[in-house]
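Colleague: I should be grateful for a close look at a single part of this model. Please take one strand and follow it into its surroundings.

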Amino acid sequence: MKKADELDRCIEGLRNSMPGVDWSAKVKLDIKRIVASQDTRAILLAAPLEDEMELFERFVRDILVKCGINTIVLGVGYGFEFRCHPEVVEQPALSHENARRIASVCRHHGIRLVPQMNLFGHQSFGRDKRPIGIIRAYPDMEEVGADEVTYQRCLCLTHPRLKALVCSLMDEMIDVFGTVDFHIGQDEAFEIGKCDRCKGLPVEVIYADWLNALHGHLSARGVTTWMWGDRLLNGHIIPERGAGYETSLCGTWKAIDMVPRDIMICDWHYRVLPYGHHSPSYWARHGFAFVVCPYNNTFAADQLIVAAVAADTPLFKGVFHTTWTRFAAFAEACFDLYPRYLSTHELDDYDVVGKEAPRGYKDACTFMHLFAL
Ligand SMILES: [Zn+2]
């Protein structure tokens with residue numbers, strides 16, 4: 001199907017699903033204008049390696065600032081030289097010195113920095129689910145063993161020593177980066193309420209207690225909590241192609257009314273839906289501020305942003321572009337594409353679904369499409 005046909009079909013689907021909305025008044029498909037007018041214009045970047053620090057500084061100055069980015073969420077996780085718990089560190093690890101350098105670059109350009117760490121799922125890596133970080137060092141802090149894991153390994157959220165450990169890690173990162181925002185991950189976690197300790201407890205209570213514990217700790221320090229929203233989306237009523245992944249089918253969604261409203265929800269959806277996205281209006285109905293998070297498909301990005309605009313709420317705070325490749329690959333793709341984009345205002349066709357592109361290029365095409373001015 002041609003992209004234009006697919007776009008028409010999706011807009012028609014959105015109109016049918018929200019018949020009360022005056023589309024002519026509320027939605028003009030000037031996506032760049034919509035993005036540029038948001039409070040939060042964010043990007044997720046993997047932490048740069050030791051020899052990529054100079055590239056990072058150049059990338060922020062010559063690409064991100066020119067594209068209007070005002071927030072960097074930095075995927076750090078266990079790749080940080082924790083002094084409080086060196087046993088959970090995974091290599092390559094960001095040094096304190098380079099973390100301060102990153103913070104300083106961001107401060108210099110007026111960019112908010114949000115360190116990110118997965119504090120529920122994604123506790124393993126690769127097809128063989130190699131354990132990382134906390135559960136590598138403390139196997140008893142894992143919910144269930146690899147044989148029973150649906151996707152990637154998870155923390156046991158009721159382990160009596162877990163909260164203190166996690167709070168020490170967050171504190172050290174916040175102190176070194178000098179930040180007032182922290183992203184606690186939370187995406188794509190399936191294992192909860194299964195171990196001997198947790199069995200029999202309501203899943204939503206386990207999950208709400210965990211979020212309240214992390215939020216309470218951060219909030220007491222004056223730090224805003226950010227998280228991926230999928231564990232709080234009811235996968236039984238919100239249609240998404242990645243049911244169970246980009247929505248919850250494991251009961252955690254019932255915790256939505258048991259957690260504070262001052263969490264910044266990061267609502268990620270990467271694929272086109274025939275009838276559009278319903279999650280933005282879901283967040284608005286439940287009183288959460290949210291940003292929408294596209295990835296590497298320009299059309300899916302437009303569709304998600306249109307749904308956020310159509311939700312017609314001041315709780316829609318902006319667009320948070322996600323990249324899922326190593327930092328240098330994404331940065332180099334942007335340096336390659338940006339001058340071409342400025343001269344033609346057209347993209348290479350890397351964003352067509354299924355077409356092979358070098359790593360980082362599809363993410364970069366969507367980024368240019370949304371942010372390059
Ligand atoms: Zn457990």
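In which sense do S9 and strand S10 (residues 316-321) pair, and over how many bridges?

Modeller: The model is a predicted one. S9 and S10 pair in the parallel sense, over 3 bridges. Within that pairing, Val291 has Gly318 of S10 as its bridge partner. Between the two strands the chain passes through helix H10 (residues 298-310), and this β-α-β crossover is right-handed.

On S9 there is a second pairing to consider. Strand S8 (residues 264-268) and S9 are also parallel, with 4 bridges. Here Phe290 in S9 is the bridge partner of Ile265. The connection from S8 to S9 runs through helix H9 (residues 279-285), and this β-α-β crossover is right-handed.

The side chains of S9 itself, which spans residues 290-293, point in two directions. Phe290 and Val292 face one way, Val291 and Cys293 face the other, and all are buried. For Val291, leaving aside neighbours within four places in sequence, the contacts include Thr40, Ala42, Met264, Cys266 and Asp267, together with Lys317, Gly318, Val319 and Phe320.

Val291 also belongs to the wider nonpolar interior. The largest nonpolar core has 109 residues, and those with the most contacts inside it are Ile72, Leu74, Ile265, Cys266, Val291, Ile305 and Ala364. H10 supplies the largest share of this core, 9 residues.

Beyond S10 in the sequence lies helix H11 (residues 327-344), which has 18 residues. From its first C-alpha to its last, H11 reaches 26 Å, close to the 26 Å expected at 1.5 Å a residue. H11 nevertheless carries a kink of about 30° at Leu337, shortly before the proline Pro339. Leu337 is one of the buried residues of H11, a set that also holds Phe327, Phe330, Ala331, Ala333, Cys334 and Tyr341. These buried residues pack against strand S1 (40-46), helix H4 (53-64) and helix H12 (361-371). Just after H11, His345 takes a positive phi of about 55°.

Some backbone details elsewhere may also merit inspection. The peptide bond from Gln91 to Pro92 is cis, with omega near 0°, and Pro92 sits in the loop between strand S2 (71-75) and helix H5 (96-108). In the loop between strand S6 (181-183) and helix H8 (203-220) lies Gln186, a residue other than glycine whose phi is positive, near 90°. Gln186 is buried, with 26 other C-beta atoms within 10 Å.

Technical notes: Residues numbered from 1 in each chain as written. Predicted model: local features only at pLDDT ≥ 70, side-chain atom pairs only at ≥ 80, totals over all residues. Buried ≥ 20, exposed ≤ 12 C-beta atoms within 10 Å, placed from the backbone. Pairing = 2+ DSSP bridges. Right-handed = clockwise from strand over helix to strand, strands pointing away. Core = buried A, V, L, I, M, F, W, Y, C linked by C-beta atoms within 7 Å. Contact = placed C-beta atoms within 7 Å. Expected span 1.5 Å × (residues − 1). Bend = angle between axes of the 7 residues up to and from the residue.
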